[in-house]
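Here's a short report for someone meeting this structure for the first time. Keep the picture handy while you read.

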Amino acid sequence: MVRVKNRYLVVNFLYPEPPAKSKTQLPDVIQIHSPTPDALKQGVIVRMIRDGVEDLFGDYGSGMVSSGLKVNYYSPSTSTAIIRCPRDHYEMVWAALTHITHLPKPLDTPVVIRVVRVSGTIKKAEEEVIRQSQHIIKRARAWDGTGELPMLQSVEKAADKERQRESEVLARIDNGNESEDVSE
């Protein structure tokens, strides 16, 4: 039996131009690593890659890459993705990602797609995503500009709300189990 071998590409979506409605001065690290629009989904990313490979390498490239192409992880808040592709043709996917300069038509946002790491296992790719996220947060906290960082504060508030919601759900579950035990 033949085992299909894959490569995992850790990809960052970078936005070189500041959003038009941004009034506050943000540090470059936060501006470039800004969140991706919600309209960009995993299927759209796969379609962009397939179209890019077809533009660069024709039908041959499209056929070689399309069978094993998948977005394993995608986070619009960190603008990071892990893309699985065939091991023998990962260079084609990498070239297509580098060639993309704009998101598809409804968004039509300038973008730079940077391949940060190529890995043989998804575990190492996930570790790289975590390491990168921690590094970006450290750089954002170290920024000594005037004013506060609205993006960092909103992320911290969202994480606190999620933790609080989880603890409330666990408390309700525990209270529900105790009332069932008493009624029996």
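## Arg47 and its partner

Let's start with Arg47, in a model that is predicted. Is Arg47 buried or exposed? Neither quite fits: Arg47 has a relative accessible area of 42%, so it counts as partly exposed, since that label covers values between 20% and 50%.

Arg47 makes a salt bridge with Asp51, and the closest N and O atoms there are 3.1 Å apart. Both residues sit in helix 2, and because they are 4 residues apart, about one helical turn separates them. Asp51 is partly exposed too, with a relative accessible area of 33%. As background, side chains of opposite charge can pair when their charged atoms come close.

## Salt bridges in helix 4

The salt bridge count comes to 4, and helix 4 (residues 122-142) holds the pair Glu127 and Lys124. The closest N and O atoms of Glu127 and Lys124 are 3.5 Å apart. Why is about one helical turn between Glu127 and Lys124? They are 3 residues apart in that helix, so one turn is roughly what lies between them. Glu127 is partly exposed at 38% relative accessibility, and Lys124 is partly exposed at 39%.

Glu128 and Arg131 also meet in a salt bridge, at 2.7 Å from N to O. They too lie in helix 4, 3 residues apart, which is about one turn of the helix. Here the partners don't share a label: Glu128 is buried, with a relative accessible area of 9%, whereas Arg131 is partly exposed at 47%.

## The overall layout

Now step back and look at the whole chain. The protein has 5 helices and 4 strands. Going from the N terminus, the order is β-α-α-β-β-α-β-α-α.

Of the 184 residues, 31% are buried. The protein exposes about 12000 Å², and carbon and sulfur atoms supply 52% of that area. If you take contacts between residues at least 6 apart in sequence, 69% of them join residues at least 24 apart.

## What's inside

In soluble globular proteins, nonpolar side chains tend to be buried together. In this model, the largest nonpolar core has 26 residues, and Phe13, Ile83 and Leu97 have the most contacts inside it. Several elements each supply at least two residues of this core: strand 1 (6-14), helix 2 (42-66), strand 2 (70-75), strand 3 (80-86), helix 3 (90-99) and strand 4 (112-119). Which element gives the largest share? That's helix 2, with 6 residues. There's also a second, separate core of 5 residues, including Val10, Ile82, Ala125 and Val129.

Phe13 is a good residue to click on. Leaving aside neighbours within four places in sequence, Phe13 is in contact with a list of residues that includes Ile32, Thr36, Leu40, Ile45 and Met48. Also among the contacts of Phe13 are Tyr74, Ser79, Ala81, Val111, Val112 and Ile113.

## A nonpolar patch outside

Finally, have a look at the surface. Val169, Leu170 and Ile173 make a nonpolar surface patch of about 260 Å². Ile173 belongs to helix 5 (residues 150-183). With 44% relative accessibility, Ile173 counts as partly exposed, and that is over the 30% a residue needs to be part of a patch.

Key:
Residues are numbered from 1 along each chain as its sequence is written. This is a predicted model: local features need pLDDT of at least 70, side-chain atom pairs count only at pLDDT 80 or more; totals for chains, interfaces and linings use all residues. Side-chain values use heavy atoms; hydrogens and water are left out. Patches are made of residues with over 30% relative accessible area and no salt bridge: like charges are joined within 9 Å, nonpolar side chains (Val, Leu, Ile, Met, Phe, Trp, Tyr) within 5 Å. Accessible areas come from the Shrake-Rupley method with a 1.4 Å probe; for residues, only the protein chains shown count as cover. A salt bridge is a side-chain nitrogen of Lys or Arg within 4 Å of a carboxyl oxygen of Asp or Glu. Buried means under 20% relative accessible area, exposed over 50%, partly exposed in between (1.4 Å probe, protein chains only). A nonpolar core is a set of buried Ala, Val, Leu, Ile, Met, Phe, Trp, Tyr and Cys residues joined through side-chain atoms within 4.5 Å. Contact means heavy atoms within 4.5 Å.
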